[in-house]
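Q: Please take a close look at a single helix in this model and at what surrounds it. I would like one connected account, going on to the strands afterwards.

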Amino acid sequence: MKRLLTALLAVFFVFSLQAQEDRFAALGAKLEEYFAALAGDPIPVQNAECDFLIESCKDSLTRQFVALKIYDHYLNSKIMGDDGVAVHVADTWLIPGKVAMKDEMDLLNAKVFAEFNRQAQLGAAAPALVARDDAGEAVSLPVKGEYTVLYFYDTSCSTCRIETPRLCSFLKETDFPLQAVAFYTGNKEEEWARYRATSLNVPGLVHAWDPDLESDFQRKYGVLQTPRMFLIGPDGTVLGRGLDTPALRMLTEQLSGKEGYVYGTQEGTALYEKVFAGYGDDLKPEDVLDVAAYVAERTYGEGNTDSYRHMEGDLLYWLSSQTGEVYKEGTRLFIDKYILNEPGLWNRDEDVSQVMSMALMMKELLARTPVGSTVPDLKVHGTLLRKPCLFRKGSKDGVFSLRKADYLVFYTKGCGRCEETLAAALSLADNKAKVLLVNMDTLLENHPEEARQLLDAFDLSGLPYVMQLGPGGVVQHKYLEL
């Protein structure tokens, strides 16, 4: 507790020198230092430190600020296992009412979060599930006595369209003794069968589902959205949660004692977050190439090919998570020049499976319906937004031609960015633009053939996806952010 006590004294000293309204700003800055100092400590240690810090606050407003700051930090942390601290704070302080949340909705959200994340925490025993396999037989999970990767997915999940092929590539080339289980979270048997045949065709992979939701897998493993991935040890202990394939690869490399490089780590992400933050709103696609060129000069230019591969590969993974027209165009230029144009530098097994395969997949997605091309002559179910007038309403549900719209907006349910985009789309319609809204969830459920055609024609791996069209359906802009 010594480092925490020292920091607390420093905070109270700062408070004595500053005006009352500046107190929480100063305390917030100190808390960020605490979080950095605690990072990497075992979760029980972090729980105890956070409890001590909250208890040390003498008045209710300060205690509320500190507790909510801690909760928000660990709730949104990208460090695996940190959400366990958020559960602890919710269970210990927020849900019992020892610290008041700002409103009833925040409290309800905290209760839901804790309820769906208390189990399957790092170091805990993995909850037992009984589901059905693709032959209709009962299957018990996780697999006893083996390392098990448990991958929850949905056939309509846009993010799964990226994660599934990455996981399959890893499973096919790894020599780690791993039993993989792909758990379908939906209830459409025909869609599941097609997905198994086309997207999850990996020898030895166990397929499972629970269409009647009898296993309570959502609550036990916190499956409120997909994909969701766990690594479970032979003794049933949770070794990894909230994983993606690079993180799974890193864990298995650590467990096997290998030293192969894993792309897309937190360190690489943090580096490029800082680099590109400096560009702000002035970023241009060519700036992505400038960053890659600087990396190449300081690594490959000095004869260090390993550092070149690691840093350019990390840049690829970071770019894969970015949205917006500028980043997407920059990514396309980067892939062509620094990955696919240098195949001899990416010929090691780890580079082929992690970098080249990712680059090829992203290039194919980015190339779909490019600027200057004409969108397919398709009619789909959606909502057309128009400027309302005396004789018509501002929106109309029906079947519409893609080529008749000024803007196409593809979205999904339960997506915060989608909700913001839909709100912005109303302003476009008020300015006399015709905006076609396409709900991919509804389309996949009620009009699967239309959905398939759209998924084949456009890069819908990340939603919302917005395109601006000119006369005749010619693409003027794609990956717009409204």
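A: Lys 432 follows helix α16 and has a positive phi, near 75°. The model is a predicted one, and the angle is computed from its coordinates.

The helix before this residue, α16, covers residues 416-430. Its length can be checked: 15 residues at 1.5 Å a residue should span 21 Å, and the end C-alpha atoms lie 22 Å apart, which agrees.

Which residues of α16 are buried? They are Cys 418, Thr 421, Ala 425, Leu 428 and Ala 429. Because these residues cover an arc of only 90° around the axis, they sit on the same side of α16. Glu 419 and Glu 420, on the other side of the helix, are exposed; the cut-offs are under 20% relative accessible area for buried and over 50% for exposed.

The buried residues of α16 have four strands as packing partners: β8 (379-385), β10 (407-411), β11 (435-439) and β12 (465-469).

One of these partners, β12, leads on to a hairpin with β13. Strand β13 takes in residues 475-478, and three bridges join it to β12 in an antiparallel arrangement. One bridge pairs Leu 469 with Val 475 of β13. Five residues lie between the two strands of the hairpin, and Gly 472 takes a positive phi near 75° there.

For the setting elsewhere in the model, there is an open sheet of seven strands with mixed pairing, in the order β2-β1-β5-β4-β3-β6-β7. Its edge strands, each pairing on one side only, are β2 (138-141) and β7 (238-241). On average, neighbouring strands of this sheet are turned by 30° against each other, direction ignored.

The edge strand β7 is joined to β6 (residues 228-232) by three bridges, and the two run antiparallel. Phe 230 has Arg 241 of β7 as its bridge partner.

Two helices lie across strands of this part. Helix α7 (residues 160-173) lies across β3 (147-153), β4 (178-184) and β6, and runs at about 160° to β3. Helix α10 (residues 245-256) lies across β3, β6 and β7, with an angle of about 5° to β6.

To return to the helix asked about: α16 has its buried residues on the same side, where they pack against β8, β10, β11 and β12, and Lys 432 with its positive phi comes after the helix.

Notes: Residues numbered from 1 in each chain as written. Predicted model: local features only at pLDDT ≥ 70, side-chain atom pairs only at ≥ 80, totals over all residues. Heavy atoms only, no water. Pairing = 2+ DSSP bridges. Axes fitted to C-alpha atoms, helices over the stretch in contact; angles between N-to-C directions. Contact = heavy atoms within 4.5 Å. Expected span 1.5 Å × (residues − 1). Buried < 20%, exposed > 50% of the residue type's maximum accessible area, 1.4 Å probe, protein only. Arc of directions from axis to C-beta.
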